[in-house]
Amino acid sequence: MKLKGLLVIFCMFILNSCASYQVNNYSNKENSLNPDQIIFIALPKDGTYGSIKYDGSGIKTQKALYTAFFKHANEIYTGNTAESLNDTKEIAEKEGADILVYPIISHWEDRNTAWSGRRDKVQVEILVLALKDNLTIDKSSLKATSNSIVFVNGSPEDLLHRVFTEYVSKLYGNGN
């Protein structure tokens, strides 16, 4: 009898601990990307939570996006410094890019989840522009929250890979 009770509690524990992902998408579905378009991924400013600045979170976000686009695009460039949208457009055009991917980290919360039980959270707004036509291909807000039960502490960066992979796949027409 005790074993059944423990099994039920264990199952509830596991179901409660799943990471969650959410994408709010405002895309122009007629304009999916193709592998021959040259991609430029901007470097976002580092993320914050309250007064805490997470140094390096901008480059981690850019690298996670690069990894997701690498599976689809033949040529990718990345920005070296966090710039305004207009300055980034100019830099991307000088590089010969067709598509600008402009991420903004709106929330980055890195918690010691294994110890505190508080979840890591990340939210990134992404603007995808066709540079030659100055056309917005996609504007999305991607959110991810870690498991509540972990045995090894992760980071918000770990959450980005799955959500970015699915998101970029959809941009290339390989998803719903």
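How many of the ten residues of β7 are buried? Select β7, residues 121–130, and the answer is eight, so the strand is mostly covered. Keep in mind throughout that this is a predicted model.

**The whole chain**

Before going further into β7, show the full protein chain as a cartoon. The secondary structure consists of five helices and eight strands. From the N terminus onward, the elements follow the order α-β-β-β-β-α-β-α-β-α-β-β-α. Switch to a surface: about 10,200 Å² of the protein chain is exposed, and 53% of that comes from carbon and sulfur atoms. Colour by burial, and 40% of the 176 residues count as buried. For contacts between residues at least 6 apart in sequence, 70% join residues at least 24 apart.

**β7 and its two partners**

Return to β7 and add β6, residues 99–109. These two strands run antiparallel and are joined by ten bridges. To see the register, select P103 and I126: P103 stands opposite I126 in β7.

Now add β8, residues 135–145. β7 and β8 are also antiparallel, with ten bridges between them. Here the pair to select is V128 and D138, where V128 stands opposite D138 in β8. Follow the chain round the hairpin of β7 and β8, which has four residues between the strands. In this hairpin N134 has a positive phi near 50 degrees.

When you turn on side chains along these strands, one rule helps with orientation. In a regular strand, side chains alternate between the two faces of the sheet.

**I126 and the nonpolar cores**

Centre the view on I126 and display its surroundings. Leaving out residues up to four places away in sequence, I126 touches L65, V101, Y102, P103, D138, K139, S140, L142, F164 and Y167. I126 also belongs to the largest nonpolar core, which has 30 residues. Select I39, F69 and F164 along with I126; these four have the most contacts inside that core. Two or more residues of the core come from each of β2 (39–41), α2, β6, β7, β8 and α5. The greatest share comes from α5, with seven residues.

A second, separate core has ten residues. Select F40, L100, L127 and L129, which are among its members.

**Aromatic pairs on and around α2**

Move to helix α2, residues 57–70. How many aromatic pairs does the structure have? The count is two. Y66 and F70 make a stacked pair, 6.0 Å centre to centre with 25 degrees between the planes. Y66 and F70 are four residues apart in α2, about one helical turn. Y66 is partly exposed, with a relative accessible area of 31%, while F70 counts as exposed at 56%.

For the other pair, select F69 and Y172. The arrangement is edge-to-face, at 6.2 Å centre to centre and 70 degrees between the planes. F69 is in helix α2 and Y172 is in the segment after α5, so the pair ties together parts 103 residues apart in sequence. Both F69 and Y172 are buried.

**Salt bridge within α5**

From Y172, step back into helix α5, residues 156–171. Select E166 and R162, which form a salt bridge with the closest N and O atoms 3.2 Å apart. The two residues are four apart in the helix, about one helical turn. Each is partly exposed: E166 has a relative accessibility of 41% and R162 has 47%.

**Salt bridge between two loops**

The structure holds two salt bridges, and the last stop is the one between K132 and D98. The N to O distance in this side-chain pair is 2.5 Å. Why does this salt bridge tie together parts that are 34 residues apart in sequence? K132 is in the loop between β7 and β8, whereas D98 is in the loop between α3 (85–94) and β6. Compare the two partners on the surface: K132 counts as exposed, at 66% relative accessibility. D98, at 18%, counts as buried because the cut-off for buried is under 20%.

How values were computed:
Residues are numbered from 1 along each chain as its sequence is written. This is a predicted model: local features need pLDDT of at least 70, side-chain atom pairs count only at pLDDT 80 or more; totals for chains, interfaces and linings use all residues. Side-chain values use heavy atoms; hydrogens and water are left out. A salt bridge is a side-chain nitrogen of Lys or Arg within 4 Å of a carboxyl oxygen of Asp or Glu. Buried means under 20% relative accessible area, exposed over 50%, partly exposed in between (1.4 Å probe, protein chains only). Contact means heavy atoms within 4.5 Å. Accessible areas come from the Shrake-Rupley method with a 1.4 Å probe; for residues, only the protein chains shown count as cover. Two strands pair if DSSP finds at least two bridges between them. Rings of Phe, Tyr and Trp (its six-membered ring) pair if their centres lie within 6.5 Å; planes under 30 degrees apart count as stacked, over 60 as edge-to-face and the rest as tilted. A nonpolar core is a set of buried Ala, Val, Leu, Ile, Met, Phe, Trp, Tyr and Cys residues joined through side-chain atoms within 4.5 Å.
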